[in-house]
Amino acid sequence: MSHERHEPGVKTYTLIYFGLLILMTATVAAAFYDFNRILPGHSWGMIIAFAIASVKGLLIVLYFMHVLSGPRRAAVFAGAGFLWLGILFVLIFCDYASRQYPVNPRGEPRYIWQNDPANAVHPTEQASHPA
Amino acid sequence: MVIPMSEVHTAVDKDTFPASQFEDAEQQYVTATLGMWSFLITEIMFIGAVFAAFFVYRFRWHEAFVHGAEELKWMLGTINTVVLLTSSYTMVLAVHAARHGAQKALVRWLVLTFILGCAFVAIKGTEYHIEYKEHLVPGLNYTEISHTGEVRPVQMKLFMGFYFAMTAVHALHMLVGLAVLGALIVFAKRGSFTAAYNNPIDMFGLYWHFVDLVWVFLFPTLYLLRH
């Protein structure tokens, strides 16, 4: 090898593994408690679950997938992948959060299957959402 | 021209390593790593879009999706998470053994990874079976009244659709991984990998950890969002 790779040893891997198990236990435990009762807002369960999942994911990517110790170019590739994932999420959720899409009671867009009685638009609703 | 199996072994890459188009072993390793990550990025984009769709519907139909999560078997999901995290650990030890040319340890860790992978698929199958018996499979036998007589919210069917699509795609990746892993075990036993040449083990490790990574996010998304 032309370059010495400073890869982690068995001890580091074992530590990361136990770290992952502890985080997993924490996320399962947290799922059974309703954090919205003690904290303002209403999405704390999701925020906590995904904060823990992200830390677990980061440990796997950085240590098990050798992004820290491997070639720097691989780290750039991996970073680019997750950056695009972030763009996908941000744009999609901004779009849905800022618009009202008319849906029927089954959650399907109302403009498909127009003969379906579930797609009937209530007159008052039509007044508030002109086509 | 048919190549006899006995010659396939001798034609393994380690004898022609690094391949003629590369400057040196390091360049071949970096190229392989970038190729694998390019593939994994397409996987991130693909599964990421499904996650995005899931959350768009979850924000819209919060109650129904919470009800759906409550009908899943969180205990089996947790056991499967432990199994998969452990298999990632044994896989990284296999990569470590391969890099140090420890052939016996390599085979041992690969076989352990294989067993854990099979265990994951078996537990997932058990879960599917239970869900089938509880009439939770859209398109097969989904009912709007549960086996305990409870009325399921209308949009819970959508949740179950996401659940089966996401976990089945994940399980398919596990099966593909197990097939490749089986082949790698055979090659490792034949001594195809050395301290100098172990790129296939390394690249498979990336794939295996990625499948684990997807599960790390699938597990809370489907099973744990109960409020």
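This report walks through a predicted model of two chains, A and B.

## How confident is the predictor?

Since this is a predicted model, let's start with the scores. The complex gets an ipTM of 0.90 and a pTM of 0.87 from the predictor. For chain B, the average pLDDT is 92, and 94% of the residues score at least 70.

## Meet the two chains

Chain A has 131 residues, and 19% of them count as buried. Look for its secondary structure and you'll find four helices and zero strands, running α-α-α-α from the N terminus on. Take the contacts in chain A between residues at least 6 apart in sequence: 43% of these join residues at least 24 apart.

Chain B is also built from helices: seven of them, with zero strands. Reading along the sequence gives the pattern α-α-α-α-α-α-α. Of its 227 residues, 37% count as buried. If you drew a box around the C-alpha atoms of chain B along the principal axes, the box would be roughly 65 × 35 × 30 Å. Among contacts in chain B with a separation of 6 or more, 76% are between residues 24 or more positions apart.

## Two helices side by side in chain B

Now find helix 2 (residues 25-60) and helix 7 (residues 199-224) of chain B. Their axes come within 10 Å and cross at roughly 15 degrees. Angles under 35 degrees count as roughly parallel, so helix 2 of chain B and helix 7 of chain B are roughly parallel to each other. The crossing of these two helices is right-handed.

Which residues do the meeting? From helix 2 of chain B they include Tyr29(B), Met36(B), Leu40(B), Phe51(B) and Phe54(B), and from helix 7 of chain B they include Met203(B), Leu206(B), Phe210(B) and Val214(B). Glu43(B) in helix 2 and Asn199(B) in helix 7 are also among the contact residues. Sorted by class, the residues of this contact come to eleven nonpolar, three polar and one charged.

## A look at Leu184(B)

Leu184(B) is found in helix 6 of chain B. Is Leu184(B) buried or exposed? Count the C-beta neighbours inside 10 Å and you get 22, so Leu184(B) counts as buried; the cut-off for buried is 20 or more.

Who are its partners? Leaving aside neighbours within four places in sequence, Leu184(B) is in contact with Leu110(B), Pro200(B), Ile201(B) and Phe204(B). Try tracing the chain from Leu110(B) to Leu184(B): they are 74 residues apart along the chain, yet their C-alpha atoms are separated by 8.1 Å.

## Where the chains touch

The contact between the chains takes 44 residues from chain B and 43 residues from chain A. On the chain B side, helix 2, helix 4 (74-99) and helix 7 each supply at least two residues. The largest share of that side, 18 residues, comes from helix 2 of chain B. By class, the side of chain B that touches chain A has 28 nonpolar, ten polar and six charged residues.

For a pair of helices across the two chains, pick out helix 1 (residues 10-31) of chain A and helix 4 of chain B. They pack at an angle of about 170 degrees, with their axes 10 Å apart. Angles over 145 degrees count as roughly antiparallel, so helix 1 of chain A and helix 4 of chain B are roughly antiparallel to each other. Tyr13(A), Tyr17(A), Leu20(A) and Val28(A) are among the residues that helix 1 of chain A brings, while helix 4 of chain B brings residues including Thr81(B), Leu85(B), Tyr89(B) and His96(B). This contact has twelve nonpolar, three polar and no charged residues.

## Two histidines with a positive phi

Most residues other than glycine have a negative phi. Here are two residues to compare with that. Phi of His66(A) is near 55 degrees, and His135(B) has a positive phi of about 55 degrees although it is not a glycine.

Both are in loops. His66(A) lies between helix 2 (44-64) and helix 3 (72-97) of chain A, and His135(B) lies between helix 5 (103-133) and helix 6 (156-189) of chain B. What about their surroundings? His66(A) has 22 C-beta neighbours inside 10 Å, so His66(A) counts as buried. His135(B) has 16 inside 10 Å, so His135(B) counts as partly exposed.

Conventions. Residues are numbered from 1 along each chain as its sequence is written. Chains are lettered from A and ligands numbered from 1 in the order in which they are written. This is a predicted model: local features need pLDDT of at least 70, side-chain atom pairs count only at pLDDT 80 or more; totals for chains, interfaces and linings use all residues. pLDDT is the predictor's confidence in each residue, from 0 to 100. Axes are lines fitted to C-alpha atoms, for helices over the stretch in contact, and angles run from 0 to 180 degrees between N-to-C directions. Angles under 35 degrees count as roughly parallel, over 145 as roughly antiparallel, 65 to 115 as roughly perpendicular and the rest as oblique. A crossing is left-handed if the near helix is turned anticlockwise from the far one by less than a right angle, and right-handed if clockwise. Two residues are in contact if their C-beta atoms, placed from the backbone, lie within 7 Å. Ala, Val, Leu, Ile, Met, Phe, Trp, Tyr, Cys and Pro count as nonpolar, Asp, Glu, Lys and Arg as charged, and the others, Gly among them, as polar. A residue is buried if 20 or more other C-beta atoms lie within 10 Å of its own, exposed if 12 or fewer, and partly exposed in between; C-beta atoms are placed from the backbone.
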